[in-house]
Protein chains: 2
Amino acid sequence: MADQKIPNWLDKRAFLTPNRVCLVDGAVSWTFRDLNHHAQATARRFYGMGIREGDFVAVLLDNSFRVPQIIYALQYLGAITVLLNIRLAPPEINWQLQDANCQLLIYDAGLSDTVQAMKTDTIGLNALSYDCLQKLPEATVSLSPRIDLDAVHTILYTSGTTGRPKGVMLTNGNHWWSAMGSVLNLGLQMDDKWLICVPLFHMSGLSIILRNVIYGIPVIIQPKFLPKAVNKSIQEEAVTIVSVVSSMLARMLNELGQDRYPESFRCMLTGGGPVPDSLLKTCREKQIPVYQTYGLTETASQIATLSPEYMDSKLGSAGKTLFSSELQIGGEDGRKVPGEVGEIVVRGPNVTQGYLHRDSEKIDAFRDGWFHTGDLGYIDEEGFLYVLDRRSDLIISGGENVYPAEVEAVLLAHSAILEAGVVGSESKTWGQVPVAFVVKKIGFEEITEEEIRTFCREQLAHYKCPVRICFVAQLPRNAANKLLRRKLAEWLK
Amino acid sequence: MADQKIPNWLDKRAFLTPNRVCLVDGAVSWTFRDLNHHAQATARRFYGMGIREGDFVAVLLDNSFRVPQIIYALQYLGAITVLLNIRLAPPEINWQLQDANCQLLIYDAGLSDTVQAMKTDTIGLNALSYDCLQKLPEATVSLSPRIDLDAVHTILYTSGTTGRPKGVMLTNGNHWWSAMGSVLNLGLQMDDKWLICVPLFHMSGLSIILRNVIYGIPVIIQPKFLPKAVNKSIQEEAVTIVSVVSSMLARMLNELGQDRYPESFRCMLTGGGPVPDSLLKTCREKQIPVYQTYGLTETASQIATLSPEYMDSKLGSAGKTLFSSELQIGGEDGRKVPGEVGEIVVRGPNVTQGYLHRDSEKIDAFRDGWFHTGDLGYIDEEGFLYVLDRRSDLIISGGENVYPAEVEAVLLAHSAILEAGVVGSESKTWGQVPVAFVVKKIGFEEITEEEIRTFCREQLAHYKCPVRICFVAQLPRNAANKLLRRKLAEWLK
């Protein structure tokens, strides 16, 4: 298309179905007109503060109606939302704020301790609580009823094998095409209602508050994941779709006991790796339709999905690639044949065009128009994807990604540590948890596990901190001196 | 998006859901794998005949499975389908074939009389029946699994007020965005099944065979509109959606008598002007959900739709503009306010970029990025569209557009006719039928109505031929000598 502009999603939705319920968050219930009203008012406040098209505004918010309000306000101005993980440690957040060169940070009053610990003034950043923002006067500005599909909408940070997190740039178009791929996969019913119990600062949660506006369906926002509350909502509030990760599903089923979900519940959208067979068995018995997915922040949520009809015959598979996307298994020597293991490479209008300020890493990740995920897998004769290994050493703990290299970098910053290696250890509750192997420096033999763990907690989000520190004389390395994390995994056993 | 390519729709659909039923046409029942197999084989035959990317291939086919087979075959090669109205007279078809510079014409054996009358050899065109095409060998060619959203997919001819038909260029992207606008409006259920009883050479029918592949739902193709057959299909074959025009709906309800449609039937998508109140009353009583639409070939089918919930409160309205499109009421002096009548102007990624070989008319129709429809209407305070007049003098007869200027041009070609003016006369069965007012040349006083009607039938599709010729001494004209068709309409009464 010559013209890459389409109507602003919220503006259009509020025009089409102003009186439909848009979101329910505890006692707050907003129609699409309400959300539009609040988002536009907030946009005018942002404008009054000097926020303009192309500016970066960081958002540190708990799950609530405030998140869509702020994100849609920024979209009205063409400003970019930098979504921060509220579980990160202050130094981690600071690093991201500086990397994205944010003009402003909006935070929940409940997170003011984190913000104070960040010392935002030292990095010259304006930090404002949501409540203070709401008290600002509304400036006079004409808000555009159109958005540019090529404009960046969100920055979400994700780490790689190389240490420091990278800001994934997601455009309006990336989110739009992801929403279209999903609707062609899951369908869209007039009575659909999506329950949010995953973080809104993750791609999984973010995608829902974009889709509900594009689709015109309500969402129920829960502040955090509590299995009982989720089950109650599904059973009593006519929820039809829920997004979860495997470990959440296990806890929900455990809490559900002998109960069942209503027949109108039609989709348990499950990310974060294949659902274990034992869990699938329970789902089969209770007739819970599980859609297992594979996706990355870089693909603006899921890019492959396994329909419930295949959950038996294609056990362990993440299904087929969504309608407007492509997926192949690549290798050094080109495309792999069915059954052959290689790197999962993807392309499509939902796939990011790159990382913020990381042109060299973009060149590395994008070759011949394909994004190289770093994940290993294969495709069977019928085109079903099997993911073997997430991004080489990625640890997935309770749905959160933990990159060993990032944790190792923090460990190595400790004056007593010479070498460090981090791997995932299996956990019934979280799927995996990080465990560290550490070589002490000479002269620092007295350092204790507890001292190191305290150090980690100051620098890292809680879920990234090693649950165990194993002191060893040396780490397994190959001839090129590269750390062999697989060996560490064997040591664990 | 930098990348305007997405997976070929049929290739992707056949990959995702190979075994789902794609189409049912009498005794023929094809899965998506079947359609893909036949389309690919046909693409190889076309390739063997020398058809390449960007070539124009005309299609003169009755409603049947052959239409999607040919259209998807051509899409695989990046060739452009010129969809011909089978009701046109041979000279009309000839004109379009030459205008589009078609390399090839594919026709149904049942239409060979029309093709013979066209004398295609005199215009240097290769004409081949569908059956002969199927007997050709398949060439070896690698078919691209991707399509370019900016590439032209179809040419559909539409006339204007200026006489000769113009070829509307519709790209893959136009059709795609139209399909997305529709799915966000109507939803998409796993059990959806769309009945086709409108012509596949019209935008209304074409849009269905594109959507069913994109959405992954089956269509039932009926060779022509027979109210009884349509009702039977809705009642016995679990049809959920039907596309019709007002006059068809009237005949269906008449045939239905005291019967009803099953509850699973969820959408009567109705084009061709507002549904009369008496008809809506019957639909209300029978709980038939009527979606009244406004659309043009240039917008790749409907661009506005009135949901059933508004069919009482917004009587006569065509509803609101679909999600990714925009619509305004324009005037000489800019945008009109609610309630003010003006020209309906539209824009969006579903709107054509122009007419084939008609750059000057493009400039005329597109101003400031908006396509000027020539239709008159207004928007109420809530944004509901009311269409007052289709394209100034357009006559809609049984869902077919009849442009007075085109019929007048044929009349004026008759040696006995000095002046001619054509207007629509109300018809219970067809909505409107064309009636001509004619001034004879001196010396030709003996010419009869029947002679002129016979002349018209040779030159024009049957539905365009005036049902009555009124001989008059002179036609009403304004000071600039412009024909006043409104006066003619008054004369009729």
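In what order do the nine strands of the open sheet of chain A follow one another, and is their pairing mixed or not? In this predicted model, the order across the open sheet of chain A is β3-β2-β12-β11-β13-β14-β15-β16-β17, and the pairing of the nine strands is mixed. At the edges stand β3 (28–31) and β17 (320–321) of chain A, and because each has a single partner strand, one side of each is left without a neighbour in the sheet. At the β17 end, strand β16 (residues 301–306) of chain A pairs with β17(A) in the antiparallel sense, over two bridges, and here A:Thr305 stands opposite A:Lys320 in β17(A).

A helix lies against this sheet: α9(A) packs on it and touches β11 (194–196), β12 (219–221) and β13 (241–245) of chain A, with a direction that makes about 165 degrees with that of β11(A). Helix α9 (residues 227–236) of chain A also has a helical partner, α10(A), and the axes of the two come within 9 Å and cross at roughly 70 degrees. An angle from 65 to 115 degrees counts as roughly perpendicular, and α9(A) and α10(A) are therefore described in that way. The contact is made by A:Pro227, A:Lys228, A:Val230 and A:Asn231 on the side of α9(A), which meet A:Arg251, A:Met252, A:Glu255 and A:Leu256 in α10(A). Sorted by class, the residues of this contact are four nonpolar, one polar and three charged.

The helix α10(A) leads on to the division of the chain into domains. Chain A is divided into domain 1 (5–379) and domain 2 (395–492), and the centres of these two domains of chain A, taken over C-alpha atoms, are separated by 29 Å. Across the boundary, 19 residues of domain 1 of chain A are in contact with 17 residues of domain 2 of chain A. On the side of domain 1 of chain A that touches domain 2 of chain A, α4 (90–99) and α10 (246–256) of chain A each supply at least two residues, and α10(A) gives the most, with three. By class, that side of domain 1 of chain A has six nonpolar, 11 polar and two charged residues.

How, then, is chain A placed relative to chain B? A turn of 180 degrees, with a shift of 0.0 Å along the axis, lays chain A on chain B with an RMSD of 0.1 Å, and the two copies are thus related as by a two-fold rotation axis. Within chain A, the C-alpha nearest this axis belongs to A:Leu188, 2.4 Å from it. Both copies use the same surface, since 100% of the contact residues of chain A recur in chain B.

In the contact between the chains, 29 residues of chain A meet 29 residues of chain B. The elements of chain A that each supply at least two residues of the side touching chain B are β1 (5–7), α1 (9–16), α7 (172–186) and α8 (203–215); of the side of chain A that touches chain B, α7(A) gives the most, with four residues. This side of chain A divides into 16 nonpolar, eight polar and five charged residues.

How helices α7 and α8 are set against each other can be followed in chain B. The axes of helix α7 (residues 172–186) and helix α8 (residues 203–215) of chain B come within 10 Å and cross at roughly 75 degrees, which makes α7(B) roughly perpendicular to α8(B). Here B:His175, B:Ser178, B:Ala179, B:Ser182 and B:Val183 in α7(B) meet B:Ser207, B:Leu210, B:Arg211, B:Ile214 and B:Tyr215 in α8(B), a contact that by class has five nonpolar, four polar and one charged residues.

Chain B, too, has an open sheet of nine strands with mixed pairing, in the order β3-β2-β12-β11-β13-β14-β15-β16-β17, and its edge strands, β3 (28–31) and β17 (320–321) of chain B, each pair on one side only. Within this sheet, strand β2 (residues 21–25) and strand β12 (residues 219–221) of chain B run parallel and are joined by two bridges, with B:Leu23 opposite B:Val219 in β12(B). Helix α9 (residues 227–236) of chain B packs on the sheet and touches β11 (194–196), β12 and β13 (241–245) of chain B, its direction making about 165 degrees with that of β11(B). Helix α10 (residues 246–256) of chain B also packs on the sheet, where it touches β13 and β14 (267–271) of chain B, and its direction makes about 115 degrees with that of β13(B).

How values were computed: Residues are numbered from 1 along each chain as its sequence is written. Chains are lettered from A and ligands numbered from 1 in the order in which they are written. This is a predicted model: local features need pLDDT of at least 70, side-chain atom pairs count only at pLDDT 80 or more; totals for chains, interfaces and linings use all residues. Copies are superposed by least squares on the C-alpha atoms of residues with pLDDT of at least 70 in both. Two residues are in contact if their C-beta atoms, placed from the backbone, lie within 7 Å. Ala, Val, Leu, Ile, Met, Phe, Trp, Tyr, Cys and Pro count as nonpolar, Asp, Glu, Lys and Arg as charged, and the others, Gly among them, as polar. Domain bounds come from an automatic or database domain assignment. Axes are lines fitted to C-alpha atoms, for helices over the stretch in contact, and angles run from 0 to 180 degrees between N-to-C directions. Angles under 35 degrees count as roughly parallel, over 145 as roughly antiparallel, 65 to 115 as roughly perpendicular and the rest as oblique. Two strands pair if DSSP finds at least two bridges between them.
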